[in-house]
Structures are given as structure tokens and as C-alpha cells.
Amino acid sequence: MTEEFNENMITEINEGDKVTGTVQKLEDKHVVVHIDGAKYDGIIPISQLTSLHIDKAEEAVSVGDEIEAFVTKIEDKEEDGHYILSKRQLDEVQSFDSLREKFENNETIEAEVKEVVKGGLVVDVGLRGFIPASLISTNYIEDFSDYQGRQLTLKIEELDQEKNRVILNHKAIEEEENKVKRAEMLKSLETGAVVDGKVARITNFGAFVNIGDVDGLVHISQITHDRLEKVEDALEIGQDVKVKILNVDEDSERISLSIKDALPGPFETIDEQFKVGDIVDGKVMRLAAFGAFVEIAKGLQGLVHISQISHEHIGSPSDVLEVGQTVRVKILDINKADERIGLSIKATEEQTEDFDTSYLSAAQHDDDAPTLGDVFGDKFKNLKL
């Protein structure tokens, strides 16, 4: 009667069933699990404990842990029978169901980085999840070892249950975070403010300068007060600069910056260098129909009007001047408000006459000076009036 009662109390277990048990013993290559009401104990090979690589069972479970697993095989022996179990298979099925739901709802997940491997990171999402190197960060990272053990927020990039394939993306999370930061940064920027920046990239039309979480463009015309042929002649990548914010377009996320406007302009300090009446050397920078533009210092160009080029009449400035020529000029006027300088070349030169008039002054004091009669004699004596 007792034996019949005990037989009836045994739970029938078949291959494919899900069972719950308690870890009784940890062996080198397997775990022994006690299943209440079962005829035998269960054995979970170390390879079926987790989808992650482990060397010892204690890396995944401990004695006393309650475990759910699938029955993959039954070894039915009277005295030494047991069930072969797989915790890994059950975890994968349950994890795939959960991941598929999150994937369809575009939800994020949290996972710990378990391994840094060639080509990316392995994380534990109930099964083995992989983050390719190209999907780890928006920044270039040479060594991924710092990610070991870190908890990451991830988006699911790809799910394939048949191939047991889970591809995850951390870069997308960073991109979204950066987008929020950029939006906040754009709102905080004030037109006209001068801020610190770092040259991030150089192009033939200017330089992109990082001013926090955003980059702004400094057009080549806004780099220096001097004329600039190539951006590389004035800036280099990584250089610290001060920039003035010229314009912020939040919709297009474009920022216009100026380096030269953040620096003292040459006209701001012109009083320390020059004053009206000074005679200085300059270089002819440009010729126009109405005069010549002459540079007297970096960023300081003045106009020599055509009437101030020569004491003689000239038809065009190019008749007597050429670009690049060094000339001596006198400063006639300085207008700081309009940033204009009036110059003169002829004011530095003495006027020369077409004929010698020195004899006229001498005649006023010389009694021996010839008279008209001496010059013309009696040629007019018969002239009748």
C-alpha cells in the first residue's frame, strides 16, 4: 500500500517539460538540481547553464538557487537515473519573447557588459547579446576594455531566434542623448556672446569650432582681420580659440561664429600706433579708378584718393602705382567710427616747377639786370600808337 502511494506521488516528467528545482551541488562540469516530486534529480551541464562563456558553474549559480529549466533528455535507470536539463534554452526562449516585445515597441533595455571581444562587446540580456564595435559609441574608441562590467542602455538592432542572434546598439542611445544636449545648448547660446572653443575641423571655406556639445562654422572671412588665403595659415586642429556668436539657427542647428570679432580690431588700438600728420611707409594693396588702398599696418588700410597721389595730373592710379609697391604716405584723417583712413602720397613730396624762376627775384635787387630796351633795342621806335 505504501509503495503504491509513493508511486502515485511521483510527478511524471517528459522531455520538453519545464521544471523548477533547487541547486544541490556544484561539480566541475555540471550542476545537480533537486526537483520536488520527481523520480530523479536533474543535471545541468555547464554549457547549458548560460549563453555566456564560463569556466566554472559557480560563475552562474550557487547552491540553494532556485532554477527553472527545460528537460532535454531522460536517462531512466532504476538506481542511477537523472534528467538532463537546460537552463540556457529556457532563458533564451523567455528572453527572446521579452526582447521581441521591446523591439516591436521600440523600447530600450539595460544590460551589463560581460566580455570585451574582438569586434565588439558581449552583454547579458538573458542570452548572449552582441554590440558590434561600429554600434558602441559616436566617438572613435581604440580600446574597449573600459566597458568591461559597465551597465549600458541599449536599443535592439536585430533579432533572429533561429540563429540565436541578438544585435544591440549603444551608439543610437548616445546619438539621442547628444541631440537633446545640442538642442539645450542651442537654446542657451546668446548672439553676440564671446565663448571658448576648440578647432575641430578645417575646410577650404573655413573652420568648424566646438563650443561644447555643438560645432559652429567660422567662415574664412571671419578668422582674421588680415587677408587670408588658406585657413591652415591661421588655424590648426585642436587649437583653442575665442569666438563670437554671430547667429544661431535652432531649426537647422547651424551656428555662425567669428574669431576676428572676438579679438580687438586694428581700429580699436589705432590711437596707440598712429595719429593725423604721421608720415609712414605703406604697401599698395589694391588699385581703383578713384585711388589706391595702402596698408600701413596689419588690418589697417587707408585710401589715397587719386587727387592725393601726385602733384601732377594723372589719368589713373595705375599710371604711377602698382600693387605690392612700397610708398611713403602722410595720414590726413582717421575715422575710427567708420574705420576709414585718409592718406596722401603727394603730401610727403615737395612740389617741383616746370621752369626756373630764380632770376625773377634776383632782378629785383640787381642794378645790372637787363631792361626791355636792352633786350629789344630800337625795334619799336617807329611803332605808332
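In this predicted model, helix 2 spans residues 87-104. The helix lies across strand 1, strand 3, strand 4 and strand 5. Strand 4 covers residues 66-75, and strand 5 covers residues 82-86. Helix 2 runs at about 120 degrees to strand 4.

The strands that helix 2 lies across belong to a closed barrel of five strands. The barrel order is 1-2-3-5-4, and the pairing is mixed. Neighbouring strands of this sheet are turned by 55 degrees against each other on average, direction ignored.

Two pairings in this barrel were examined by residue. Strand 1, residues 18-26, pairs with strand 2, residues 30-34. The sense is antiparallel, and four bridges are found. Leu26 faces Val31 of strand 2 across this pairing. Strands 1 and 2 form a hairpin, with three residues between them. On the other side of the order, strand 2 is joined to strand 3, residues 42-45. These two strands also run antiparallel, with four bridges. His30 has Pro45 of strand 3 as its bridge partner. Val33 is partnered by Gly42, again in strand 3.

Attention turns next to a lysine in strand 9. Lys155 lies within this strand, which covers residues 151-160. The relative accessible area of Lys155 is 15%, under the 20% limit, so the residue counts as buried. Its side chain makes a polar contact of 3.5 Å with the side chain of Glu176. Glu176 is also among the residues that Lys155 touches beyond four places in sequence. The others are Asn106, Thr108, Ile167, Leu168, Asn169, Ala172 and Ile173.

A second buried residue sits in a loop. Ile259 is found between strand 15, residues 254-258, and helix 4, residues 270-273. Its relative accessible area is 6%, and the cut-off for burial is 20%, so Ile259 is classed as buried. Leaving out residues up to four places away in sequence, Ile259 touches Val218, Gln222, Ile223, Leu235, Val241, Lys242 and Val243. Lys242 is 17 residues away from Ile259 in sequence. The C-alpha atoms of Ile259 and Lys242 are 6.2 Å apart in space.

Another closed barrel of five strands runs 16-17-18-20-19. Its pairing is mixed. Here, neighbouring strands are turned by 50 degrees against each other on average, direction ignored. Within this barrel, strand 18 covers residues 300-305 and strand 20 covers residues 340-344. The two run parallel and are joined by two bridges. Leu303 stands opposite Gly342 in strand 20.

The largest nonpolar core holds 21 residues. Phe274, Ile296, Leu300, Val329, Ile341 and Leu343 touch the most other members. Two or more core residues come from each of strand 16 (279-288), strand 17 (291-297), strand 18, strand 19 (326-335) and strand 20. These strands are the five that make up the 16-17-18-20-19 barrel.

Leu300 illustrates the contacts of one core member. Residues within four places in sequence are set aside. Leu300 is then in contact with Pro266, Phe267, Ile270, Gln273, Phe274, Val294, Glu295 and Ile341. Among these, Phe274 and Ile341 are listed with Leu300 as core residues that touch the most other members.

Terms used
Residues are numbered from 1 along each chain as its sequence is written. This is a predicted model: local features need pLDDT of at least 70, side-chain atom pairs count only at pLDDT 80 or more; totals for chains, interfaces and linings use all residues. Side-chain values use heavy atoms; hydrogens and water are left out. Two strands pair if DSSP finds at least two bridges between them. Buried means under 20% relative accessible area, exposed over 50%, partly exposed in between (1.4 Å probe, protein chains only). Contact means heavy atoms within 4.5 Å. Axes are lines fitted to C-alpha atoms, for helices over the stretch in contact, and angles run from 0 to 180 degrees between N-to-C directions. A nonpolar core is a set of buried Ala, Val, Leu, Ile, Met, Phe, Trp, Tyr and Cys residues joined through side-chain atoms within 4.5 Å. A polar contact is a pair of N or O atoms within 3.5 Å; within protein, one must be able to donate a hydrogen and the other to accept it, and residues adjacent in sequence count only if both atoms are side-chain atoms.
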